[in-house]
Amino acid sequence: MKVDIKDYNTDVTPTWCPGCGNFSVHIALKKALIELKKQPSEVVMSFDIGCNGNGADKIEGFRIKGLHGRAIPLAVGAHLANRDMTIIADIGDGGCLHEGIDHLIHAIRSNYDLTILIHNNQNFALTTGQITSTTPEGKSMYGFPKGRTEGVISIGELTLSLNPSFYARGYSQDIPQLKEIIKEGIKNKGLSVIEIMQVCPTYNKESNHEFFKERIVKIEKNNSIKKAREYLSNKKKLYTGIIYSNTKVKNYYSKLANRKEKKSELVDEVRNYSIKNILSE
Ligand code: SF4
């Protein structure tokens, strides 16, 4: 069955600020799903709290809106229940690297077959621009007028330290490249971490389009961990593309001995059991 962008659009009016990177991220995501011929009924998306999370009602599909930082475990649950679905966790840098950092770490280690989109706008934008773990050191933000004190957590370096199967970085205002990255992430048979450097013209004016235009260097797919580390350690350039891909990392489900012979999905198997007695107790 043919699928069109209208199938993914909803009638909810976006409340994002003019120029917000969330608009273009949604366009790239919708286009990626369409080019992969995915119907909204084949896609599960989990969101957390944040400006990105406000996108939960702006795209069709099965959508779950969770607590702050909890988009990843919701996505993992959906994946383990039904591997026939395309699973996407959509989360901001604040939720992902603060409340949700344990979920990110263990999802990468387990290598579940799903895609995580991390909207990195370097601040807690929904609550008026407080620092997150990706806010540059020394940068003045709401609540830290004299500048942020700690260094940053690099999403790329953290991911690479955990033997990932896929880490890519895109830029919110480059829809064609971001669309291709998302497509590759969905096609990867393991956990795909996609960091999206996202503009936030309201609370992060310095990291604007000019800033990224001067620094971004696009690459194709890279399979060398050494090269990937070189890309990330370059402080003058921001490399975008598939920074690291390793298809040899086994995904979680393939390592489960008790599921080896099973052709069915848990979501179907559970129908064979009645929970009536448990509920009546
Ligand atoms: Fe977008 Fe920033 Fe506005 Fe949030 S505060 S909607 S991230 S521009």
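Biologist: Which residues of α2 are buried?

Modeller: Keep in mind that this is a predicted model. The buried ones in α2 are Gly21, Asn22, Ser24, Val25, His26, Ala28, Leu29, Lys30, Ala32, Leu33 and Ile34. That makes eleven of the 15 residues, so α2 is largely enclosed by the rest of the structure.

Biologist: What covers the buried residues of α2?

Modeller: Several elements do, including the helices α1 (5-8) and α7 (175-187). Strands β1 (43-47), β3 (86-92), β4 and β6 (192-197) are also among the covering parts.

Biologist: How many Å should helix α2 span, and what do its end C-alpha atoms say?

Modeller: Count 1.5 Å a residue, using one less than the number of residues. For the 15 residues of α2 (residues 21-35) the expected span is 21 Å, and the end C-alpha atoms are 21 Å apart, which agrees. Right after α2 comes Lys37, with a positive phi near 60 degrees.

Biologist: Let me try a residue from a covering helix. Is Lys179 buried or exposed?

Modeller: Buried means under 20% relative accessible area. Lys179, which lies in helix α7, has 13% relative accessibility and therefore counts as buried. Leaving aside residues up to four places away in sequence, Lys179 touches Ala28, Lys31, Ala32 and Glu35. Two of those names, Ala28 and Ala32, are also on the list of buried α2 residues.

Biologist: Now the rings. How is an aromatic pair described?

Modeller: You give the distance of the centres and the angle of the planes. Searching the whole structure turns up five aromatic pairs. In one of them, Tyr112 and Tyr252, the ring centres are 4.8 Å apart and the planes are at 50 degrees, so the pair is tilted.

Biologist: Why does that pair tie together parts that are 140 residues apart in sequence?

Modeller: Because Tyr112 sits in the loop between α5 (101-110) and β4 (115-120), while Tyr252 sits in the loop between β8 (238-245) and α10 (266-269). Tyr112 is buried, at 13% relative accessible area, whereas Tyr252 is partly exposed, at 28%.

Biologist: And what about Tyr171 and Phe212?

Modeller: They make a tilted pair too, with 4.8 Å centre to centre and 35 degrees between the planes. Tyr171 belongs to strand β5 (residues 166-171) and Phe212 to helix α8 (residues 209-215), so to speak distant parts of the chain, 41 residues apart. Both Tyr171 and Phe212 are buried. Add Phe211, and ring pairs link the three into a cluster.

Biologist: Which charged residues lie over rings?

Modeller: Look at Lys58: its charged end sits over the ring of Trp16, 5.6 Å from the ring centre. Arg83 lies over the face of Tyr253, at 3.8 Å from the ring centre.

Biologist: Trp16 again! Which residues are around the ligand?

Modeller: Trp16 is one of them, along with Cys17, Cys20, Cys51, Asn121, Ala125, Cys200, Pro201, Thr202 and Tyr203. Sorted by class, this shell has eight nonpolar residues, two polar ones and no charged ones.

Biologist: One last residue: where is Phe62 found, and what does it touch?

Modeller: Phe62 is in strand β2 (residues 62-65). With a relative accessible area of 49%, Phe62 is partly exposed. Not counting residues up to four places away in sequence, Phe62 touches Pro40, Ser41, Val43, Val44, Met45 and Met85. The C-alpha atoms of Phe62 and Ile87 are 9.6 Å apart, with their positions 25 residues apart along the chain.

Notes: Residues are numbered from 1 along each chain as its sequence is written. This is a predicted model: local features need pLDDT of at least 70, side-chain atom pairs count only at pLDDT 80 or more; totals for chains, interfaces and linings use all residues. Side-chain values use heavy atoms; hydrogens and water are left out. A residue is near a molecule or strand if one of its heavy atoms lies within 4 Å of it. Ala, Val, Leu, Ile, Met, Phe, Trp, Tyr, Cys and Pro count as nonpolar, Asp, Glu, Lys and Arg as charged, and the others, Gly among them, as polar. Rings of Phe, Tyr and Trp (its six-membered ring) pair if their centres lie within 6.5 Å; planes under 30 degrees apart count as stacked, over 60 as edge-to-face and the rest as tilted. Helices (H or I, at least four residues) and strands (E, at least two) are DSSP runs, numbered from the N terminus. Buried means under 20% relative accessible area, exposed over 50%, partly exposed in between (1.4 Å probe, protein chains only). A charge sits over a ring if NZ of Lys or CZ of Arg is within 6 Å of the ring centre and within 35 degrees of the ring normal. Contact means heavy atoms within 4.5 Å.
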